[in-house]
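Work through these exercises with the model open beside you. Try each task before you read its solution.

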Amino acid sequence: MRERLRAEWKSMLLVAAALLAYRFVMLRLYHATCPSVIVSGLPCPGCGLTRAVLLLLRGEWAASAAMNPMAVPVLLFAGYCLIWHFVKGTRIPGFGVIVTALSLAAIAVFCYRMALYFPDRTPCVYTGGSMLEKILPGYRDWWMAVGEAVRGR
């Protein structure tokens with residue numbers, strides 16, 4: 001396991017550096033890092049996932065589930081991948097199938113939560129200043145009307 005970690009250390013550092021650079025630039029330019037928020041002002045199925053994982057690690061299970069219920073399945077899958085890749089040193093069995101299932105589940109959970117909570121509850125909120133809002137007149141108002149119509153207000 002130690003050899004595999006050492007062999008991939010430089011790649012992991014490059015990825016981490018690229019992610020930090022991306023975060024720095026996007027926060028400076030758009031005050032957000034999520035491409036979905038930057039372009040559309042709308043959250044994506046992964047919005048709130050980092051906060052949910054941090055809440056889980058602090059033992060705040062209910063707050064984590066409220067932030068993004070996909071945190072537990074994603075963490076379990078990450079652990080599964082780490083074990084197969086670094087400990088066992090082999091390809092991850094069922095990787096594509098599991099990623100597809102998790103993605104579909106995340107989209108389903110996202111749609112359900114958006115229908116219940118948009119635009120009033122974090123992370124299912126509209127973020128102003130998106131690219132589309134800047135080029136399409138009435139874009140924000142349209143999404144607010146959609147949110148109200150879906151929730152039956």
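The exercises below concern a predicted model.

**Exercise 1. Classify the ring pair of Phe-77 and Phe-95.**

Solution.
- Start with the search. Across the whole structure, six aromatic pairs turn up.
- Take the pair in the task. The ring centres of Phe-77 and Phe-95 are 5.6 Å apart.
- Check the distance cut-off. Rings pair if their centres lie within 6.5 Å.
- Now the angle. The planes of Phe-77 and Phe-95 meet at 35°, so this pair is tilted.
- Place both rings. Phe-77 belongs to helix α5 (residues 71-87), and Phe-95 to helix α6 (residues 95-117). They are 18 residues apart, and the pair links distant parts of the chain.
- Add exposure. Phe-77 is buried, at 13% relative accessible area. Phe-95 is partly exposed, at 40%.
- Contrast another pair. Trp-142 and Trp-143 are edge-to-face, with 4.7 Å between centres and 75° between planes.

**Exercise 2. Find which residues form an aromatic cluster, and which charged ends sit over rings.**

Solution.
- The cluster has these members: Phe-77, Tyr-80, Trp-84 and Phe-95.
- Look at Trp-84. Lys-88 lies over the face of its ring, 4.3 Å from the ring centre.
- Move to Tyr-117. The charged end of Arg-121 sits over that ring, 3.8 Å from the centre.

**Exercise 3. Why is Cys-47 not bonded to Cys-44?**

Solution.
- Recall the bond. A disulfide joins the sulfur atoms of two cysteines covalently.
- Search the structure. The count of disulfides is zero.
- Test Cys-47. The closest cysteine sulfur is in Cys-44, at 3.7 Å, which is too far for a bond. The cut-off is 2.5 Å.
- Test Cys-111. The nearest cysteine sulfur belongs to Cys-124 and is 10 Å away, and Cys-111 is in no disulfide.
- Compare exposure. Cys-47 is buried at 12% relative accessibility, whereas Cys-111 is partly exposed at 46%.

**Exercise 4. Check the span of α6, then place Val-109.**

Solution.
- Count residues. Helix α6 has 23, and at 1.5 Å a residue they should span 33 Å.
- Compare with the model. The end C-alpha atoms of α6 are 32 Å apart, which agrees.
- List the buried residues of α6: Leu-102, Ala-106, Phe-110, Arg-113 and Met-114.
- Find their cover. It includes α4 (61-67) and α5.
- Turn to Val-109, which lies in α6. At 22% relative accessibility, Val-109 is partly exposed.
- Look for its contacts. Setting aside neighbours within four places in sequence, Val-109 touches Pro-69 and Met-70.
- Measure one more separation. Val-109 and Pro-45 are 64 residues apart in sequence, yet 7.6 Å apart in space, C-alpha to C-alpha.

**Exercise 5. Where do the buried residues of α8 fall, seen down its axis?**

Solution.
- Check the length. The twelve residues of helix α8 (residues 139-150) should span 16 Å at 1.5 Å a residue. The ends are 17 Å apart by C-alpha atoms, which agrees.
- Name the buried residues: Tyr-139, Met-144 and Gly-147.
- Look down the axis. The buried residues of α8 fall within an arc of 135°, so they line one face of the helix.
- Look at the other side of α8. Asp-141, Trp-142 and Ala-149 are exposed there.
- Find the cover. The buried residues of α8 are covered by elements including α2 (35-40) and α7 (131-135).
- Step past the end. Just after α8, Gly-152 has a positive phi of about 75°.

Methods. Residues are numbered from 1 along each chain as its sequence is written. This is a predicted model: local features need pLDDT of at least 70, side-chain atom pairs count only at pLDDT 80 or more; totals for chains, interfaces and linings use all residues. Side-chain values use heavy atoms; hydrogens and water are left out. Rings of Phe, Tyr and Trp (its six-membered ring) pair if their centres lie within 6.5 Å; planes under 30 degrees apart count as stacked, over 60 as edge-to-face and the rest as tilted. Helices (H or I, at least four residues) and strands (E, at least two) are DSSP runs, numbered from the N terminus. Buried means under 20% relative accessible area, exposed over 50%, partly exposed in between (1.4 Å probe, protein chains only). A charge sits over a ring if NZ of Lys or CZ of Arg is within 6 Å of the ring centre and within 35 degrees of the ring normal. The expected span of a helix is 1.5 Å times one less than its number of residues. Contact means heavy atoms within 4.5 Å. The arc is that of the directions from the helix axis to the C-beta atoms.
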